Amino acid sequence: MNIFIAIVLWLAAIAAAGWVFRFVGQKVTGNKPLFRDMSYGVAVGYILAAVLLVWLGWSYVLSRSPDQTIANKYFFLGKAVEGFLLFAASAWAFRIFGRNVGSAGTRKLFRSMPLTASFGILTIIIYAIVAIFAGAIAPYGQEEILGAANVVPGGNPAMGGNPDYPLGTDQIGRDILSRLIYGAQNTVGIAFATTVLAFLIGATLGFLAATLGGWLDQLLSRAVDVLMAIPSLIFALLLMTIASAWAGSEKGLLTFYMVVIIAVIDSTRVFRLARAVGLNIVVMDYIEAAKLRGEGMGYLIFREILPNATAPLLAEFGLRFCFVFLTIASLSFLGVGIQPPLADWGTMVRDLAQFINFAAFAPQVASAPLLAASAIALLTVAVNFVVDWMLHKSSGLKE
Amino acid sequence: MAEQLLKVRGLKIEGRSDETWNQIVNGVDFELKKGEVIGLIGESGAGKSTVGLAAMGFTRDGCRISAGEVEFDGINLVNASAKVKRELLGKRIAYVAQSAAASFNPAHRLIDQHTEAPVQHGVMSKAESEADGMELYRKLRLPDPENIGFRYPHQVSGGQLQRAMTAMAMSTRPDLIIFDEPTTALDVTTQIEVLASIREIVEEFDTAAIYITHDLAVVAQMADKIKVLLKGDEVEEADTRTMLSDPKEDYTKSLWAVRSFQRPQKPYVQTGQTPVVSVSNVTAAYGKVPVLHDVSFDIHAGRTVAVVGESGSGKSTTARCITGLLPPKQGHIEFDGEALPLDYRKRNKMQLRQAQMIYQMADTALNPRKTIGELIGRPVQFYMGLTGKEKRKRVDSLLEEIELEPSVYYNRLPSELSGGQKQRIGIARALAAEPKFIICDEVTSALDQLVAEGILKLLAKLQDELGLSYMFITHDLATVKSIADEVVVMKDGRVVEQGPKDDMFKPPHHPYTDLLLSSVPEMDPDWLTNLLKERGVDNIGDAAVGKM
Amino acid sequence: ATGMPAVAMPKKGGTLRLGLAGANSSDSWDSRTHSDSYMIMCGHGAVFDTMTQVAANGELVGELAESWEATSDAKTWTFNLRKGVTFHNGKAFGADDVIESLNMHVAEGAKSAAKPIVSAITEMKKMGEHQVQMTLKAGNADFPFLLSDYHICIFPAGQVEEAIAQGIGTGMYKVESFDPGVRTLLSRVEGHYKDGKEGWFDQIEVIAINDSSARMNALMTGQVDAVNRVDFKTEPLMKANPMINIFEVTGNQHFTFPMLTNVAPYDNVKVRQALKHAVNRQEMVDKILLGHGAVANDIPIGPANQYFASDLPLNEYDPEKAKFLLKEAGMDGLSVDLSASDAAFPGAVDAAQLYQASAKAAGINLNVVQEPADGYWSNVWLKKPWCACYWSGRATEDWMFSTAYEMGVPWNDSHWENARFQELLLTARAELDTEKRRGQYHEMQAIMSTEGGTVIPMYANYVDAHSTKLTNSGTIGNVFQMDSSRLMERWWFS
Amino acid sequence: MASILRIIAQRLALGIVTLFVVSIVIFAAVNLLPGDFAQLILGQGATPEAVEAIRQDLGLDQPPITRYFQWLAGAVQGDLGNSFAQANFASFAGTDVGTGQGSVAAQIAPRFENTMFLAGVTAVIAVPISITLGVLAALYRNSAFDRTANILTLSSISSPEFFLAYILILFLAVLNPILPSLSNIYDGMELSDRFIKTLLPALTLTLVVTAHMMRMTRAAIINLLASPYIEMARLKGISPMRVIVKHALPNALAPIINVIALNLAYLITGVVVVEVVFVYPGIGQLFVDSVKIRDIPVVQACCLIFAAAYILLNLTADILSIISNPRLRHPK
Ligand SMILES: Nc1ncnc2c1ncn2[C@@H]1O[C@H](COP(=O)(O)OP(=O)(O)OP(=O)(O)O)[C@@H](O)[C@H]1O
Ligand SMILES: Nc1ncnc2c1ncn2[C@@H]1O[C@H](COP(=O)(O)OP(=O)(O)OP(=O)(O)O)[C@@H](O)[C@H]1O
Ligand SMILES: [Mg+2]
Ligand SMILES: [Mg+2]
């Protein structure tokens, strides 16, 4: 209970500090508009943010303390702070780079780009490079079983590490760094293919339903209702189990089935969106004009409707990509996803996840699963940042 | 000389686009006394609304006041704190927006929105304000003033909403009201009612007002003095009567002149000639709701038939029947003497090509993701089968025909064009099909008068060159006057009167035609006063009730 | 067994909270269906008793049977039952209960895994209220051992249905509440016949925690007192926690890769031998078991068995020899599929990948097929020509061999048929002379090791963990995990 | 109002058809799965006779179509049948199930209750938080607060659920032992205990669902800020907060309600992973277990519950959207 009392006391202190902050600000600056028009809530917000920042800074200092038990306790916060600063700095540098190099068009693009978006683009580029050149970048093969098993990440021999394997090795002695790098190729590649397929199916049918209406629309919409009423992960699992019986030992075939199954299940969500967006577009006069011209269905959908639906579809693409990604990870864990010995981030996280429990006294060990999970999270966050920005741009809002 | 209520001096406003600040208003000055009305007039984009808002110390997102002063009753609004401004807004200064339908919050009842400002500013209690609101509704001759406030905005007609908005502005008895084109969205007959009630209430409470509009005739009825703006610059300012009778600047003169564009009446059509389009006894319905009843008229080669009528009278529906989008329940449509299939999907390419349509809202009629070249090129390719260089050549010649420089505009997107230019693209797209007949559905209603005039002239020129026939749908009688050969008047889905233009503008009329004609504002400051006298004030309220 | 210094006096009291893997929503008190650790522990480990039990030191002792004797051909066995025992519902225990409980396994349409054991009995005679005589089809020296099987719990005669529904046995603990696959609450029976010898906890809460990291976590955050199946990967880290003790025993549990010896290319003994030499056993023990186990020599008999042949030459990892053998068989560059899933045993997929890597050196192209865990036993095992599998081992050699290597038995997962082996199996079964039996079992193991159709690379230890609040006698049973699944009876709070 | 009732009736009818189709789809899928209940329950110990015996007991030897219609006939009368897993023991003794323990309804009811409890606790935490955050983010759009909230919620929605769960365990149970990491709730537990034990999974799920709802709230409100009526409200001198809460929010309700409904449906149907990590005895685990052993009646019943939850929540959302929109509530 003490902790709750402490929280209450802290909040009270912050509330008081907020008032003082505004009052002093008004007095000192001679009523500058910033302080003059500041509402009380905002003042408290500033104080809250300041307290959090100080706490983070202090945690960071503690995480570097020589006392191992204290340092261990703040290890993750410390690493998070370092990571955040590193990412922010590289995004910033990348934006400066983009503003000065390249064609006039890209330079202009970079000038109006928020830091989050430049971070997203940078991350996506890095992932793409890593995925495409995985073979050249990775120090070892993804299937290569090396002598030393269960090497702790960090490369510090005193803590059970080995400088040859900076991120350690897994249970049977495969280099985690190499597997992470190959994981980009496998996981990202397959997730991307799946998402694209889901969009092809969902968007085409959705626009078709929106344009044609009538019984086709009814039929498709009801079918989608049925599919959506079944929890998607469970349904994917059911179908994958059936598919793996069909595929037998053909690994390639199973991966193909997986792509198709997830794509079909996810395309229902795309369908709904595409249909809704499509319905708003088909009432436009330019669609009517095209119909009156006698245009065919294909032209209407792909040349008239699609270009106007890109913004919402792109936004959905970002989110969908994340979900597909996570679904594949879950399926891989359940033994029906990406087949071993191909490296896959989802499986890696689940395999190593239990080490998190030991964070209190062996944070280096606990960071192993966090690496694969961060690889997933980082990419999805990056994609979403870029999508956010594109949405914002296309919405034409000034703010 | 009474105390000046509002002083605007050297007002400059910038707006941001593409990372740079552009000047929107370049130094505007004016002063306003208590009870005085100033009219701000100018074409679209001239900065009228921006100035109007700045008079409240308010700028839109992305804009800022870069220089100058706005002093309201001794308070400088430019650098007043947000709190001080909030105190004034809605209490001493009120705003009436262009479209009441959009400016009322659809989620709340009228009366709740009415009482919000008085209650929030502590002027009156909710109950007092409600009672006062009913009183105002009664003054503004809204039907059923006791209960109309308990309706939601969508349950009230446009004209009534506009009056409710005026009542809302009066709710705190402000010293200054800004009217931003309060009647532009209304049709002529409704406009009269709203204008009358606004003028009355402003006079009764002796409120100062800024009246913004682009319609000279309207401002003439409302304002004591007029200020003309052009692209953010002040053109001239003068007392209303002086301004009307003796405009100094060329630009002002050209504005005045717009209203006089007119084509001579062509000779009457000989009987026996086959019409290009013949609509006979068409009855149509959306689902079970009947909309058109037994509509018949003919359109002959090289002629323009104007279809007029108030909003909802079935003008657009008639067009939809002709194009085949809404197959009529009864009746038939002939083209060049041959019966057309009623459903457009059953028509062949040739039949589709012959009749083209130009839409009112160029924004929604042009696919925003396609360049001008693609937009015009598509029908060229689709109907004429031209590709590559030939297509480009044809598109270029079409662009020249609508007086746009091909090299400049070929690769632009619709969003990079002005309203008038967009409308021209719509025309070019129709022309690309090389049709015989074009339906123009309110093609000039969304444009301001100078631009509209340009479009009308263009259409007339094309008709002369290509021998096109037009069906010209509009609710603006001035436009009818300038372009039509024949006129069809519609009301409630029926044709109430039709005939050659000159006949239509001469009495005797069908009573409805009469109402329409007499409602078109004229450039005489006394016109409204006289008209009201003539019609008898009470009629206005009744007309409004009838519209519900 | 790694023990700890024996603590002088056990003492009563406390509520034991166990976090166990191996629970299912289909769990019930029907011991015939028990197959995973959760119900095995709650069943014969707490609520029910069996006729005999294997003591912590490996000795066979009586539970509901006090003593037994056999005729010299080991065909007829007489059991003297414990007196004064009552079921939880008050019914007195007697010979009828034994007969009816055993008959449950061979009843019309019965689905018991212990059916082969009971169906070997041709006659059961009630000799008195507390004496039963059983006659077997053929002599079996290990018969009393077989009756310690956890499937063969004793239910009250005439009330079996009720007993299955509510969990009514003669055990040290009675059921307070039972939520299948979620939680079981047990409380000690007062005045039980084991009082003072076993059963020290007042109450036991058995929580189903199938997720291994949740289980370890529960122990580490003190929400349970003991857990089973410690993940080998995290074991060294758990050791570092001073509040936790790991206890580990080497039993007979072994991981196997059976090949169908009637399917090409496994019908060629040279191929089988080549594959046996293509696996690096030590590496598997090191990496899959992380040292928690021992190298096995392709025989299912383990160090916990009486007649374990530890002196046989090891089928060592020797890629050259494997190559040579394949060449002899004319199968250079052999390419085979190995089906695996972690349902076979934890780490099976990893093990298969290790196998793949080591076989590569012998020029064998081993393709690992990851099978879905779902349906693994029905679709892969006994069906795919080569797959991964596990056996928990059996207390006796005969039991093990006759379960999975006797000609024609349903679980002969390598379809292996060897005449000499079969002959020895039958003679050894009825042999009461220990030395003769030792010789016979030795020869059988040698045959299996060289010619058998199953690659058995390793024995896996049972690794469990408990909080330091718990203590035991210092000797831990190795028949099954958690002190031969009798932790609830044998341990106490210090 | 009458029109709302008509819509409800229509949608309910449609919902029943959907349920029917769902049951066919699931039945077909489960039947296509390799292996059946008899083989799986016996596991490694399956002998042909035993398998056959169980199949006969449960009627699994009949063709799937017959079985489906038998099931359907029962389901229509409200009898969801008996769970295979719990039914099979009774037949050993040669009598029928007498305890009621074996009926699907009896098996699912407590699990469903638990799931609803978890979903309820999560909703109570997550919905107000996300709407508040969304409103604040809209009010202070593009401020540091908005950006931080955006980054944090995006990151949390982008991380695997089990990962979030482990992180929370790490910080709230391991490093700072505030909450129990094990959520093994059971019948007859004190409500406060139950709540404390449910808190950690509920917080995990809160992290999962908040981002979606918050971003929708923010977007829906910002979308309206350019509307003339919002400008009008500002010009009436109303405080920014009131403008958002009184003028923008009511008009943005429909999309927000829809997203909330979607997330609530997710909370009921999609939390298997969280249940596993926290050992929470919810319906998701039961479902996965039942699929594993092909316990068709339980699988069917779970799916019907999932689908019904989804349909009902969507229906509720639509009705609420209608009620929140005066245009639809008071047609002209
Ligand atoms: N938020 C803004 N940011 C940048 N430029 C703006 C903004 N709002 C308006 N402008 C520009 O300022 C100019 C004047 O706009 P304003 O709305 O005042 O015109 P107006 O005379 O009221 O026209 P209308 O008759 O169409 O209402 C236009 O060119 C417009 O493009
Ligand atoms: N899609 C539709 N479904 C049902 N009713 C419609 C539809 N479109 C128009 N209406 C109704 O049909 C009547 C005639 O509409 P129409 O669009 O033809 O009017 P209009 O004369 O063109 O008016 P405006 O000047 O406002 O364009 C109106 O009462 C309108 O409400
Ligand atoms: Mg304006
Ligand atoms: Mg119209």
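In this predicted model, the centres of domain 1 and domain 2 of chain B, taken over C-alpha atoms, are separated by 33 Å. The domain assignment places domain 1 of chain B at residues 4–256, and domain 2 of chain B at 301–313 + 348–518. Besides the meeting of these two domains, this briefing covers the interface of chain A and chain B, two ligands, and the arrangement of the other chains.

**The two domains of chain B**

- Ten residues from domain 1 of chain B and eight residues from domain 2 of chain B make up the contact between these domains.
- About 780 Å² is buried between domain 1 of chain B and domain 2 of chain B, and carbon and sulfur atoms account for 61% of that area.
- On the side of domain 1 of chain B, 47% of the area buried against domain 2 of chain B is supplied by B:D187, B:V188 and B:T189, more than by any other three residues.
- Zero salt bridges are found across the interface of domain 1 of chain B and domain 2 of chain B.
- The count of residue pairs in polar contact between domain 1 of chain B and domain 2 of chain B, with both residues at pLDDT 80 or more, is likewise zero.
- Two helices of chain B, α7 (188–205) and α10 (250–258), each contribute at least two residues to the side of domain 1 of chain B that touches domain 2 of chain B.
- Helix α10(B) gives the largest share of that side of domain 1 of chain B, with three residues.
- By class, the residues on the side of domain 1 of chain B that touches domain 2 of chain B comprise three nonpolar, four polar and three charged.

**The interface of chain A and chain B**

- Chain A brings 23 residues to the contact and chain B brings 30 residues.
- The area buried between chain A and chain B is about 2300 Å², with 52% of it from carbon and sulfur atoms.
- Three salt bridges are found across the interface of chain A and chain B.
- One salt bridge joins the side chains of A:E295 and B:R378, at 2.5 Å from N to O.
- Eleven residue pairs, both members at pLDDT 80 or more, are in polar contact across the interface of chain A and chain B.
- From chain A, the helices α6 (104–111), α13 (285–293) and α14 (297–305) each supply at least two residues of the side that touches chain B.
- The largest share of that side of chain A, seven residues, belongs to α13(A).
- The side of chain A that touches chain B divides by class into six nonpolar, four polar and 13 charged residues.

**A salt bridge between chains, and the total**

- Over all chains, the count of salt bridges comes to 75.
- A:E304 and B:K370 form a salt bridge in which the closest N and O atoms are 4.0 Å apart.
- This pair joins two chains because A:E304 lies in helix α14 of chain A, whereas B:K370 lies in the loop between α13 (362–365) and α14 (372–384) of chain B.

**Ligand 1**

- Ligand 1 lies between chains A and B.
- Ligand 1 is surrounded by 17 residues, the closest being B:S44, B:G45, B:S49, B:T50 and B:D61.
- A backbone N or O atom of B:G47 is 2.9 Å from an oxygen atom of ligand 1, and a backbone N or O atom of B:K48 is 2.8 Å from an oxygen atom of the ligand.
- The side chain of B:R60 has an N or O atom 3.3 Å from an oxygen atom of ligand 1.

**Ligand 2**

- The residues around ligand 2 include B:Y286, B:V291, B:E310, B:G314 and B:E442.
- A polar backbone atom of B:K315 lies 2.9 Å from an oxygen atom of ligand 2.
- Side-chain N or O atoms also approach oxygen of ligand 2, at 2.5 Å for B:S316 and at 2.4 Å for B:T317.

**Other chains**

- Chains C and D share the most contacts of the five pairs of chains in contact.
- Chain B and chain C do not touch, and their nearest C-alpha atoms are 48 Å apart.
- Chain D is divided into domain 1 (2–94) and domain 2 (115–281).
- The centres of domain 1 and domain 2 of chain D, taken over C-alpha atoms, are separated by 36 Å.

Key:
Residues numbered from 1 in each chain as written. Chains lettered and ligands numbered in written order. Predicted model: local features only at pLDDT ≥ 70, side-chain atom pairs only at ≥ 80, totals over all residues. Heavy atoms only, no water. Domains from an automatic or database assignment. Contact = heavy atoms within 4.5 Å. Buried area = accessible area lost by both parts, 1.4 Å probe. Polar contact = N/O pair within 3.5 Å; in protein donor to acceptor, adjacent residues only side chain to side chain. Helix = DSSP H or I, 4+ residues; strand = E, 2+ residues; numbered from the N terminus. Nonpolar A, V, L, I, M, F, W, Y, C, P; charged D, E, K, R; others polar. Near = heavy atom within 4 Å.
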